[in-house]
Each structure stands twice: as structure tokens, then as C-alpha cells.
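Colleague: I would like a close look at a single part of this model, taken slowly and set against the rest of the chain. Could you walk me through it in one connected answer?

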Amino acid sequence: MLQAVDRVLASRSPKRDLFRRVKVFLGTAEREYCEIERAYRVSRRACRNRVREDGSRAFGHGRSVALIQVACVGVRNPTQIKAALLHDVVEDIRGWSHERIEREFGPRVVYYIRWVSKDPRKKFRSKAERDRA
């Protein structure tokens, strides 16, 4: 499994790879495919100036999570893919909340985001404490 993840993450074009894989189970004209594209754009735009602590672009993490879900785990649920793309937006980007995601993408997307994200309203004394949460 880890070798498959490494191969997926080594992609030179993760966006193309993600959408090529999504096209296998969703047609490009389908509403859910368009919503995944919109979640991709929203996340990319929201994270455009953010850098993670390891120096990588913040957007790359959500995109990688979505790609791993589709390519390695076999996720075919569009709601879970949107949540993967958007999960750090709620945690890390000012102006984005669970309520805003729900307004824009619906309650099911927020349901999955809540499972994988830390509550942005909770304050932590250190990164280590936040990571343990």
C-alpha cells in the first residue's frame, strides 16, 4: 500500500491524475464531477498564499489526500473527495468555517470534514498539542 501511495504522490501532474481517475466513475458533465472541480478550485484559491510547516504548499496536502483516497483506497464517493480537498481550508484559512463549507457544499461534506479536522475554534498551546488532538 505504501508503495502505491508513494507512486501516486510522485505524480508530475496530480490534478490531471486526480480528475483522470474521477472520470472513470463520474462523467465530466455530471453535477458531482463539477462539484469536485469546484471544491478543487475553492481549496486552491483559499490556500494560494499558504505554506505548510514543512515548506510545501498548503493546497498540495488536500489534493494529495483526495488523490490517495481515489487512487489507493478506492473511494468513489464524491462527497468524501470534496471533503478531502477542503478539510484543511476550515482548519487553516481565515474566513472559512464549517458553516461556510456547509452553505457552499452541503452538510454531508461538513460531516466528513469534522471527522478529519481539528476544531478551528479550539486554541492549542503548541503544534505538538494540536497534533495530539
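**Around helix α3 and its packing**

Modeller: Cysteine 47 is found in the loop between α3 and α4, and that is a convenient place from which to look back along helix α3. The model is a predicted one, and everything that follows should be read with this in mind. Cysteine 47 has a relative accessibility of 6% and therefore counts as buried, since the cut-off for that class is under 20%. Its C-alpha atom is separated by 9.1 Å from that of glycine 60, although the two residues are 13 apart along the chain. Cysteine 72, with a relative accessibility of 17%, also falls under the 20% cut-off and so counts as buried. A disulfide would need a pair of cysteine sulfur atoms within 2.5 Å, and by this rule the count is 0.

For the setting, the protein has 8 helices and 0 strands, so the order of elements from the N terminus reads α-α-α-α-α-α-α-α. Of its 133 residues, 40% count as buried. Among contacts with a separation of 6 or more, 57% join residues that are 24 or more positions apart.

Turning to α3 itself, the helix has 16 residues, which at 1.5 Å a residue should span 22 Å, and because its end C-alpha atoms are 22 Å apart the model agrees with that expectation. The buried residues in α3 are Tyr33, Glu35, Ile36, Ala39, Tyr40, Val42, Ser43 and Ala46. As background to a list spaced in this way, an α-helix has 3.6 residues a turn, so residues three or four places apart point the same way.

The partner to consider next is α5. The axes of α3 and α5 come within 9 Å and cross at roughly 5°; because angles under 35 degrees count as roughly parallel, the two helices are described as roughly parallel to each other. On the α3 side of this pairing, Glu32, Glu35, Ile36, Ala39, Tyr40, Val42, Ser43 and Ala46 take part, and they meet Pro78, Ile81, Lys82, Leu85, Leu86 and Val89 in α5.

Leucine 86 shows how this pairing continues into other parts of the chain. Leaving aside neighbours within four places in sequence, leucine 86 is in contact with Ala39, Val42 and Ser43, and also with Ile101, Phe105, Val109 and Ile113. Leu86 is also listed, with Leu18, Val22, Ile81, Leu85 and Ile101, as having the most contacts inside the largest nonpolar core, a set of 33 residues. At least two residues of this core come from each of α1 (2–9), α2 (14–22), α3 (31–46), α4 (58–73), α5 (78–92), α6 (98–105) and α7 (107–116). The most is given by α5, with 7 residues. In soluble globular proteins, nonpolar side chains tend to be buried together.

A charged residue of α5 deserves a separate remark. Aspartate 88 lies in that helix, and at 10% relative accessibility, under the 20% cut-off, it therefore counts as buried. Apart from residues within four places in sequence, aspartate 88 is in contact with Arg52, His61 and Ile93.

Finally, α2 can be placed against α4 through proline 14, which is located in helix α2. Proline 14 touches Arg63 and Leu67, not counting residues up to four places away in sequence, and its C-alpha atom is 7.6 Å from that of serine 64, 50 residues apart in sequence.

Technical notes:
Residues numbered from 1 in each chain as written. Predicted model: local features only at pLDDT ≥ 70, side-chain atom pairs only at ≥ 80, totals over all residues. Heavy atoms only, no water. Buried < 20%, exposed > 50% of the residue type's maximum accessible area, 1.4 Å probe, protein only. Core = buried A, V, L, I, M, F, W, Y, C linked by side-chain atoms within 4.5 Å. Helix = DSSP H or I, 4+ residues; strand = E, 2+ residues; numbered from the N terminus. Contact = heavy atoms within 4.5 Å. Expected span 1.5 Å × (residues − 1). Axes fitted to C-alpha atoms, helices over the stretch in contact; angles between N-to-C directions. Parallel < 35°, antiparallel > 145°, perpendicular 65-115°, else oblique.
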